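Subject: Structure handover

Hi,

Here is the structure I said I would pass on. Have a look at it first, then read my notes underneath.

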Amino acid sequence: MAHLGHDVVGIDIDANKVEGLQRGELPILEHGLDELVAEGVDAGRLRFTTDGVAAVVDRQFIFLCVPTPQGADGAADLSYIQEAARTLGPHLASDSVVVNKSTVPVGSARVVAAELRRDDVSVVSNPEFLREGSAVADFLNPDRVVIGSDDRAAAMATAELYSSLNAPIMITDPASAETIKYASNAFLATKLSFINAVAAVCEAVGADVADVVTGMGYDTRIGPEFLRPGPGWGGSCFPKDTQAMVRIAADAGYDFGLLKGVVEVNDQQFDRVVDKIRRGAGGTLEGATVAIWGLTFKARTDDLRDSPAIEVASRLLAAGASVTAYDPTVEPGDESKAVPDGVRVVGDPLQASTDAAVLAVMTEWDQFRWVDLHRVAKAMTGDAVIDGRNLLNPTEVRAAGLSYDGIGRS
Ligand code: UGA
């Protein structure tokens, strides 16, 4: 927002985070974000504070960007957003606009308005569609900007904030805007479960999923995007948002069986990867040594939340395997990272594969393509490579004396 020319103050209750940002230290790995933050700070258009009450008094727009984690019953937990609205409500300027960026269930614009207790402040829903790892590029080149509000003037004013971007701006009602967010994530997760299921069929019938995706993708109604098979989808969004949408539908009287199936296929995918590793270990995981390359939920992020790699590692441990892992964003012994107890984290991929019966590639970090496979083969006690991301070249893996099993590759 500062890059677009707006005057921005970022508020957080976490003093460490704010102090770090004031020093130019980002709490997350996000390509290009440090430059953008530095640019905003240097230009005097961006600052950070923990004093939300003082910061909001002169603001025209207040973006709520707090987490909405999955509650115990699958529904989104709105307590953070409610708390923020309750705290800031009395201090907002007259005619200011509160913009909901957080992913919130249908009807939440009204929940926020109720917490604000302000007739002179409008609430707008403005869901975000950024991907971790390419969030800066996604923000600057969005496919669309969606704005939902019952207050046309507030919606138009919010739209104006994005007017320098080359993107369609859609204005709708709050319920539709909130549904667009969930439906988009649910649809993308559906594509992924679909292609992972097709990959299973490919393995059974001797087809190659890469060619299948290419052939399907030529059909412009399908397109080639977001159809890379993998070890299952994860991250801080799809798992919670698919569950939340199932719940939103159920609360509204619709049984979203299709989406439940999508979630179930994903859970089966973790098991399918575990089964491949079991086969690679000779039929049992009890006492098997497994090396895992990659722990984050995808490459180009340091985020381990709901990572398929972590899920698979946990299932391996539960089945009696010993697991050694390497990830470029996880330092050995870093307690702040949510690596399951029992997973030994080491400092390089070759070290991880040492004495392993099976090597499993779980995150598509580019550097894994360049590891010397002959050295890997020498270091391992077994010869099985399970490529959960179809990252490696099967011919090269086999040339190194290893066996290869990917996802949906004949
Ligand atoms: C996702 C959406 O893509 C964003 O549009 C949305 O804004 C965001 O959630 C959110 O709701 O905040 P993100 O969680 O960063 O973004 O991750 P994705 O790039 O969508 O990947 C999700 C999972 O699907 C990862 O585990 C990834 O490895 C997997 N994936 C993705 C595949 O297995 N194959 C693919 O072709 C694409």
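Below are my notes on helix packing, a cavity and a pocket.

One thing before the details: this is a predicted model.

I'll start with helix H11, residues 257-280, since it comes up again and again. Its partner in one packing is helix H10, residues 238-251, and the two axes come within 9 Å and cross at roughly 155 degrees. Angles over 145 degrees count as roughly antiparallel, so that is how H10 and H11 run relative to each other. The crossing of H10 and H11 is left-handed. On the H10 side, the contact uses Thr 242, Gln 243, Met 245 and Val 246, and H11 answers with Leu 259, Lys 260 and Val 263. By class, that contact splits into four nonpolar residues, two polar and one charged.

H11 also packs against helix H8, residues 174-205: here too the axes come within 9 Å, but the crossing angle is roughly 45 degrees. H8 and H11 are therefore oblique to each other, and their crossing is left-handed. The list of contact residues is as follows:

- From H8: Ala 186, Ala 189, Thr 190, Ser 193, Asn 196, Ala 197, Ala 200 and Glu 203.
- From H11: Leu 259, Val 262, Val 265, Asn 266, Gln 269, Arg 272 and Lys 276.

Sorted by class, the H8 contact with H11 has seven nonpolar, five polar and three charged residues. Leu 259 of H11 takes part in the contact with H10 and in the one with H8.

Now the pocket. The second largest one has a volume of about 270 Å³ and a lining of 15 residues, with Pro 239, Asn 266, Phe 270, Asp 306 and Glu 311 nearest its centre. H10, H11 and helix H12 (308-318) are the elements that each give two or more residues to that lining. H11 has the largest share, at four residues. The lining divides into six nonpolar, six polar and three charged residues. Asn 266 is worth finding on screen: it is among the residues nearest the pocket centre and also belongs to the H8 contact with H11.

Finally, how many cavities of 30 Å³ or more does the structure hold? Just one, with a volume of about 50 Å³. Lining the largest cavity are Asn 100, Ser 102, Thr 103, Val 104, Ser 125, Pro 127, Glu 178 and Lys 181. That makes two nonpolar, four polar and two charged residues.

Cheers

Definitions and conventions
Residues are numbered from 1 along each chain as its sequence is written. This is a predicted model: local features need pLDDT of at least 70, side-chain atom pairs count only at pLDDT 80 or more; totals for chains, interfaces and linings use all residues. Side-chain values use heavy atoms; hydrogens and water are left out. Axes are lines fitted to C-alpha atoms, for helices over the stretch in contact, and angles run from 0 to 180 degrees between N-to-C directions. Angles under 35 degrees count as roughly parallel, over 145 as roughly antiparallel, 65 to 115 as roughly perpendicular and the rest as oblique. A crossing is left-handed if the near helix is turned anticlockwise from the far one by less than a right angle, and right-handed if clockwise. Contact means heavy atoms within 4.5 Å. Ala, Val, Leu, Ile, Met, Phe, Trp, Tyr, Cys and Pro count as nonpolar, Asp, Glu, Lys and Arg as charged, and the others, Gly among them, as polar. On a 1 Å grid over the protein atoms alone, a cavity is a set of points where a 1.4 Å probe fits but cannot get out, and a pocket is an open set with protein on both sides within 12 Å along at least five of seven lines; lining residues have an atom within 4 Å of a point. Grid points are joined across faces, edges and corners, and a volume is the space filled by probe spheres set on the points.
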